[in-house]
Amino acid sequence: MALLTQTPGRSVAGDPRICVIGAGPCGLTAIKNLRAVGLRNIVCYDDGDTIGGNWVFSERIDRVSVYECTHIISSKNLSGFDDHPMPRDYPDFPSHRQVLAYFESYAATFDLHPHVRLRTRVTKVERGADGRWTVHVANGGGTEQADNAEIFDYLLVCAGHHRDPFIPDYPGRFAGETLHSSSYRRGDPLRGRRVLVVGGGNSAGQAAVFLSAHARQVHMAVRSSGIDASMSRYLIDRIKATRNIELRVRTAVTGLSGSAEGALESVDMTRNESGDTERVNAQHMFLFIGADPNTQWLDRRIALNSKGFVTTGSDLQLPLATSSLGVFAIGDVRRGSVKRVAAGVGEGAAAVAQIHAYLATLHS
Ligand SMILES: Cc1cc2nc3c(=O)[nH]c(=O)nc-3n(C[C@H](O)[C@H](O)[C@H](O)COP(=O)(O)OP(=O)(O)OC[C@H]3O[C@@H](n4cnc5c(N)ncnc54)[C@H](O)[C@@H]3O)c2cc1C
């Protein structure tokens with residue numbers, strides 16, 4: 001997601017100081033496109049140890065990360081940068097390590113690294129009376145360090161949305177371990193176990209296929225009538241072809257039961273129409289039901305929808321424009337965005353054109 005903010009009426013001449021927040025694929029694209037139009041006074045903050053956003057594999061559960069087994073599920077031709085194709089010797093669906101190496105080579109080719117300050121978390125942004133932005137940062141990636149602040153003319157927020165796990169309320173009390181999919185990294189501890197995957201998106205499909213190689217039985221539950229509209233065809237085919245994956249549609253999880261020690265033993269699954277409930281043995285349940293976007297620290301004047309995503313388009317002139325004049329949203333945190341690398345990268349390029357259109361109106 002990216003936002004370019006600028007106060008209407010302010011001069012845009014000279015060499016404005018621009019802050020990019022997040023060095024995932026959208027942030028990198030944003031820096032590259034800003035440089036391409038001659039802007040050089042750019043600082044990018046990212047709280048990770050390296051660039052690449054979601055594609056940096058990490059065992060740390062406080063970091064958002066791909067899984068150890070993740071391969072990109074959109075083909076390399078559709079997921080790369082137009083001006084920097086993925087290497088010819090890459091497979092059609094490269095591994096996360098290859099995708100990350102590709103982002104690194106993109107950054108090196110377009111000289112993006114000098115702009116990036118890693119292990120630096122943005123904790124707050126505020127607009128001052130003069131229309132400039134104060135960006136508060138904590139070094140070391142956390143909030144425990146002394147707070148520093150720097151002043152910028154523009155902000156491009158590319159902070160993604162896979163940040164805060166969404167944990168639903170289930171009836172009753174459950175004292176066992178809860179592991180959201182955002183904290184899940186490796187399959188080995190699940191060898192021989194029975195697991196339930198809740199959700200019908202691509203992440204759920206990838207996890208189900210991966211878990212089926214380790215677990216004895218993988219149950220899948222979706223509330224909708226199927227997964228055709230929400231999952232890539234190749235994953236649907238693999239799920240259908242995998243003997244130990246069982247998919248239940250029009251089914252909701254309505255209860256969990258566990259041992260006195262707090263270990264999950266079974267899950268109640270209820271059919272939408274009939275209300276019939278089936279108790280299924282499962283020692284682990286994985287939730288792939290979304291995440292809350294990381295937008296709490298944005299200026300209040302930038303409108304969010306009820307789930308916290310930045311709203312764009314509608315009756316506004318420019319499709320990526322937000323409710324605040326001069327503010328643009330791109331990538332995962334934008335309401336209705338496709339949540340894919342290629343989509344974010346495309347929006348990054350489109351936004352630069354829209355930003356130019358907007359800046360032109362300021363001068364006309
Ligand atoms: C398991 C998994 C599998 C996926 N598979 C695919 C796939 O096959 N194909 C596909 O196209 N897409 C896939 N995606 C989605 C894809 O990763 C995202 O659409 C893409 O990474 C979004 O890019 P982004 O730059 O908007 O955000 P991100 O990649 O999330 O990067 C955001 C960056 O901002 C940093 N940040 C956030 N807040 C702050 C802050 N306050 N201060 C400093 N830094 C901050 C984060 O640390 C991160 O580095 C997958 C995602 C996951 C989690």
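This is a short talk on the ligand shell, two sheets and a helix pair in one structure.

Hi everyone, thanks for coming. Please keep in mind that what you see is a predicted model.

Let's begin at the ligand. Which residues come nearest to it? There are 36 residues around the ligand, and G22, G24, C26, G53 and G160 come nearest. Three elements give two or more residues to this shell: α1, at 25–36, β5, at 120–127, and α6, at 341–363. By class, the shell divides into 15 nonpolar, 15 polar and 6 charged residues.

Now, β5 takes us to a sheet. It is an open sheet of 3 strands, ordered β5-β6-β7, and the pairing is antiparallel. Why do β5 and β7 each have one side without a neighbour in the sheet? They stand at the edges, with β7 covering 147–152, and each has a single partner strand, so one side of each is left free of a neighbour there. On average, neighbouring strands of this sheet are turned by 25° against each other, with direction ignored. If you zoom in on β6, residues 133–139, you will find 6 bridges linking it to β7 in the antiparallel sense. One pair to click on is H136, whose bridge partner in β7 is A149.

Next, a part of the chain with parallel pairing. Strand β11, residues 217–221, pairs with strand β12, residues 245–248, in the parallel sense over 4 bridges. Here M220 stands opposite L247 in β12. Together with helix α5, these two strands make a right-handed β-α-β unit.

And α5 has a helix partner too. Helix α4, residues 202–212, packs with α5, residues 233–241, at an angle of about 35°, and their axes are 10 Å apart. The crossing of the two is left-handed. On the α4 side, the contact is made by N202, G205, Q206, A208 and V209, while α5 brings in L235, R238 and I239. Sorted by class, the residues of this contact are 4 nonpolar, 3 polar and 1 charged.

Last stop: another open sheet of 3 strands, in the order β13-β14-β15, with antiparallel pairing. Which strands are at its edges? Those are β13, at 251–258, and β15, at 277–281, and each pairs on one side only. The twist from one strand to the next averages 25°. Between β14, residues 264–271, and β15 there are 5 bridges, and the two strands run antiparallel. For a landmark, look for D268, which has R279 in β15 as its bridge partner.

That's my tour, and I'm happy to take questions!

Terms used:
Residues are numbered from 1 along each chain as its sequence is written. This is a predicted model: local features need pLDDT of at least 70, side-chain atom pairs count only at pLDDT 80 or more; totals for chains, interfaces and linings use all residues. A residue is near a molecule or strand if its C-beta atom, placed from the backbone, lies within 6 Å of it. Ala, Val, Leu, Ile, Met, Phe, Trp, Tyr, Cys and Pro count as nonpolar, Asp, Glu, Lys and Arg as charged, and the others, Gly among them, as polar. Two strands pair if DSSP finds at least two bridges between them. Axes are lines fitted to C-alpha atoms, for helices over the stretch in contact, and angles run from 0 to 180 degrees between N-to-C directions. A crossing is left-handed if the near helix is turned anticlockwise from the far one by less than a right angle, and right-handed if clockwise. Two residues are in contact if their C-beta atoms, placed from the backbone, lie within 7 Å. A crossover is right-handed if, with the strands pointing away from the viewer, the path from the first strand over the helix to the second runs clockwise.
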